[in-house]
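Reader: I would like to go through the terms used for this model one by one, and to see how each value is set against its definition.

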Amino acid sequence: MFSTLGLFQSLSCPERSKCQRPGCLFSHAKDPPQQPPIVMAIDTKAPNYGSSSNPSHSVSPIVSSVVPAKRPFELSASAGSLARNGAEPPRQRLKTTTTSRPAAPSPVAHGTIGAPVLRVSAAQSQVAIPVRQAMLKNLYDHFVVLYEAIRSSNPTLASEHALRQEEEIYKKSTKLTYRNAVINSIAALKKRPIPDSISHPSVGTEEEVAARIESQKKFNELRLTRPVFQQLVMSKETMKQCGYIVEVPDSEGGSRPHASGQVKQCERCNQSFTVKKDPGTRECRHHWGRPFTAKLNGEKLRVYSCCSNSTDEDGCSWGPHVFYESDARDLHVRHSFSPSRPPKSLDAVADDTALDVVALDCEMIYTTGGLRVARISVVDGGGTEIFDELIRMDDGVDVIDYNTRFSGITQDKYEKAALTLSSARQSLDAFINSQTIIIGHALENDLRTLRIIHHQCIDTSVLFPHRAGRPYRRSLRDLVKEHLGVTIQTGDGSSGHSSVEDSIATLDLVKWYVLNKVRSSATR
């Protein structure tokens, strides 16, 4: 037998007095001897690894000290104080669990100038966020190239569309197909024609462009005929409620074409003034924008769209005093009203060139005879332009303000006008008779300035009413943006509106209404 090393003598025998093993390895003493402390040799001075011939570089002697097996953890002592006392600071404990909830995805930052930043939760994205951010930057760079011609007037457009495009791709892709989907999208961007306006077909994400193409296809397939749209024509009673003049006034037509020398109230600043041929350009201080309600620090305020100043503040623009007449008798005195011509007899119906449906829009300027028409634009049921002419004023009527910001009419353009209102009315008779359906937005204003009495009208401001009801109306620009996804009336203040563009927009709005309201309700 080998002699024991006594390694278990410090441990009590598990069987104690019942142990029957001769020469048991464990201790049977009542109090087993204590284990001696572990002794470690520690060098208390940092060693120097210099030459042994230099006394100053000699190795320090080794001093023995006793170090406990476990170091007590002092919560009250800071790491700095422990280090000053010669002891090691406690090690930082790592958290293995957390009670806080994961961060919800933050919305992406819209309306930024420059490369956009994707702000979503990494835990909720199946594609790594750095990968998505890199792909988003690539999309943004290509949108910048595509929108080069319109970036100055729309500085945030590339950023907004890159964000929406990346979101569209992510929703339709998997982790494995995401990169290829972005690459294919970039290739499609490179093939798009360079847009020259915000309403160009190339502007938008892939889904937006595809939706516009599909919508345009439906528009082109839809034929505007009388049976389809007769149900949208306003009744005579509705026209009266909306301010239409439905009968020729009984005053003497055309007896006083202008109001020179008369005192009128300025439409812009509400001050009284004397109408004259050559007014001063700094007579009237006014706001050219419309007042609307805005929230500032939780408080509702009425401000102007032109300068965002309160309605209590003075105007932000200068110009001549102008006036506007709305009473039918007053308008009839300036230039007489007349009804649209009746259809030709049954024998000559084949020779009647009048159309079933047209869309019409006019641009107006301020004159000594009030607000008068200066441009007339008409398109047929397919959106093709059939009439677009500038109108010169009647004899004795002088221009006060071309209203270029809204009309687009300048002095140079006006000087090229050849038709008077009377001659323009004769031209309109070629394709408009009393049974032609005329489409327009706030059409009563156009018919007033044209001095036409017509009862077959479809008004998009009535088809798409304001949620607050009459007399409030939604603008044509907002309706087209909401329902057609197209931006119109993008002039910078010098070019004004395009009456041809507005005519086509009203026509497309009615088509949209037929496709989404009339036909959808008929199929239920």
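Reader: Where is the place of Arg 212, and why is Arg 212 called buried or exposed?

Author: Arg 212 has its place in helix α5 (residues 206-221), where helices are DSSP runs of H or I with at least four residues, numbered from the N terminus. Buried means under 20% relative accessible area, exposed over 50% and partly exposed in between, with a 1.4 Å probe and protein chains only; Arg 212 has a relative accessible area of 19% and is therefore buried. This is a predicted model, in which local features need pLDDT of at least 70 and side-chain atom pairs count only at pLDDT 80 or more, while totals for chains, interfaces and linings use all residues. Residues are numbered from 1 along each chain as its sequence is written, and side-chain values use heavy atoms, with hydrogens and water left out.

Reader: What makes the pair of Phe 464 and Tyr 513 edge-to-face?

Author: Rings of Phe, Tyr and Trp (its six-membered ring) pair if their centres lie within 6.5 Å, and planes under 30 degrees apart count as stacked, over 60 as edge-to-face and the rest as tilted. The centres of Phe 464 and Tyr 513 are 5.6 Å apart and their planes stand at 85°, so the pair is edge-to-face.

Reader: Why is Phe 464 counted as buried or exposed?

Author: Phe 464 has 7% relative accessibility and therefore counts as buried, and Tyr 513, with a relative accessible area of 19%, is buried.

Notes. Helix = DSSP H or I, 4+ residues; strand = E, 2+ residues; numbered from the N terminus.
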